[in-house]
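Visitor: Could you take me in for a close look at one part of this structure? I'd like to hear about the place where the ligand sits.

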Amino acid sequence: MESVQAIKQRFGIIGNTPSLNRAIEKAIQVAPTDISVLVTGESGVGKESIPKIIHQLSHRKHNKYIAVNCGAIPEGTIDSELFGHEKGAFTGATQTREGYFEVADGGTIFLDEVGELPLTTQVRLLRVLENGEFLKVGSSKVQKTDVRIVAATNANMFEAIQKEKFREDLYYRLSTVDIHLPPLRERREDIHLLFRKFASDFALKYKMPTVKLTENAIQVLVKHRWSGNIRQLRNIAEQVSVLEQNRTITADTLRSYLPTTGSNLPAIIKTSKSESDFSSEREILYKVLFDMKADLNDLKKLTMELMKSGNVKDVEKDNETLIQKIYGSGDEEDADYEESIDNTEVLSIPEHGSNNDDIPVALDKYHFAEEIEEEETLSLHDKELELIKKSLERHSGKRKLAAAELGISERTLYRKIKQYNL
Ligand SMILES: Nc1ncnc2c1ncn2[C@@H]1O[C@H](COP(=O)(O)OP(=O)(O)O)[C@@H](O)[C@H]1O
Ligand SMILES: [Mg+2]
């Protein structure tokens, strides 16, 4: 049997807290059996490694491993995604399709955010767990499958059971073995270790020297509440690594990256799915970097023109639009930037699901599986808005500071503030 240390290395898991080690040990022990496992823990604590460990250490490892984010699949499609459908079962079902339970026969299915499953699907799931039987949607032919289930949830299942949103019998069936991952704030001794690992990874990735924290900064890091757990820590490490020129990070600098509200207050239980865990801030950062690069290219172009021509007036005339784009029109006070908003559209993440409510699109593709990284389907607009708001808050509305932090020009910030009606 592989040791806990070896597993950590193999799956890139950092940390040495006894509770983490125990969770991994449990995963190792339960792996060779077919027992259902429920992984619990707040969002961002690293639940997704557990089913992978279990699958890889089981006799099923040569068969399929399918990860399904139950929260991301529209209610109308989920039965068909999981169990397949018969041709003609509903409008748009032009051909018979196999569901994940058929495809993963002999393998493992990871049901992430299992608390989000609709009650009707819960009935089907219970049946498949009890005797391996299921029916395709629109079919009366009982099919057999041999699938091992690992589920995960960050929701309070007891509350869901009480509110009759989750079947109690299914809960007990799923949680034969419960593996709990502690929140990061209960693993204080791992926080700096994780930060160092992420900082070193990002230094490699972005080809920059690794950022280092001062003693005081380490204190700030360790004392922070980390409500978004490791995912949030990783994001902050990335932001600091990309944006800070001085590679020695002081407590003040680090603080400017941390959300101020609730840092040491009791946990606010998030029920709304729109609460992000900063999972897309990275994309906004990329966007900011792209914007900067575009600005830089424009400037380079202008400089070249100037060097070639030597006549400022000519260059000014020939490059009117470019100059306007870079420096603005100059009348910041009442500037109406509406016309330039079109050029500043942010990248948009393709939304899950269909744009046609009643007909599931591309049912024959397993397009919801393995997409757990993008569990928050908030658009990048919302993310950008959130980031701008936070930055303005942090700097008490001072645009200059916020713009500097966001790495955009004041003018761009002004434009965005107008765009979002802030
Ligand atoms: N112990 C750990 N060591 C290194 N990275 C981790 C660890 N735990 C989580 N991560 C990283 O944190 C992020 C969130 O983990 P994830 O498994 O998606 O969380 P959850 O499913 O619990 O919300 C991922 O990028 C993951 O690689
Ligand atoms: Mg997850």
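Guide: Here is a walk around the ligand site, with a short stop at one helix afterwards. Keep in mind that this is a predicted model.

Let's start with who is there. Ligand 1 is surrounded by 15 residues, and the closest are Ile 14, Gly 44, Lys 47, Glu 48 and Arg 231. Sorted by class, that shell has 6 nonpolar, 4 polar and 5 charged residues.

Now for the polar contacts. Gly 44 uses its backbone: a polar atom there is 2.6 Å from an oxygen atom of ligand 1. Lys 47 comes in with its side chain, where a polar atom lies 2.9 Å from an oxygen atom of the ligand. Arg 231 also offers its side chain, with an N or O atom 3.0 Å from an oxygen atom of ligand 1. As for cover, ligand 1 on its own exposes 560 Å², and the protein buries 84% of that.

Which elements build the shell? Those giving two or more residues are α9 (188-206) and α11 (229-243). The top contributor is α11, with 3 residues.

On to the helix I promised, α4, which spans residues 75-83. This one is mostly covered, with 7 of its 9 residues buried. The buried ones are Thr 77, Ile 78, Asp 79, Ser 80, Glu 81, Leu 82 and Phe 83, so you'll find charged side chains such as Asp 79 and Glu 81 on that list. Right after α4 comes Gly 84, with a positive phi near 85°.

Key. Residues numbered from 1 in each chain as written. Chains lettered and ligands numbered in written order. Predicted model: local features only at pLDDT ≥ 70, side-chain atom pairs only at ≥ 80, totals over all residues. Heavy atoms only, no water. Buried < 20%, exposed > 50% of the residue type's maximum accessible area, 1.4 Å probe, protein only. Helix = DSSP H or I, 4+ residues; strand = E, 2+ residues; numbered from the N terminus. Near = heavy atom within 4 Å. Polar contact = N/O pair within 3.5 Å; in protein donor to acceptor, adjacent residues only side chain to side chain. Areas by Shrake-Rupley, 256 points an atom, 1.4 Å probe, with all protein chains shown as cover.
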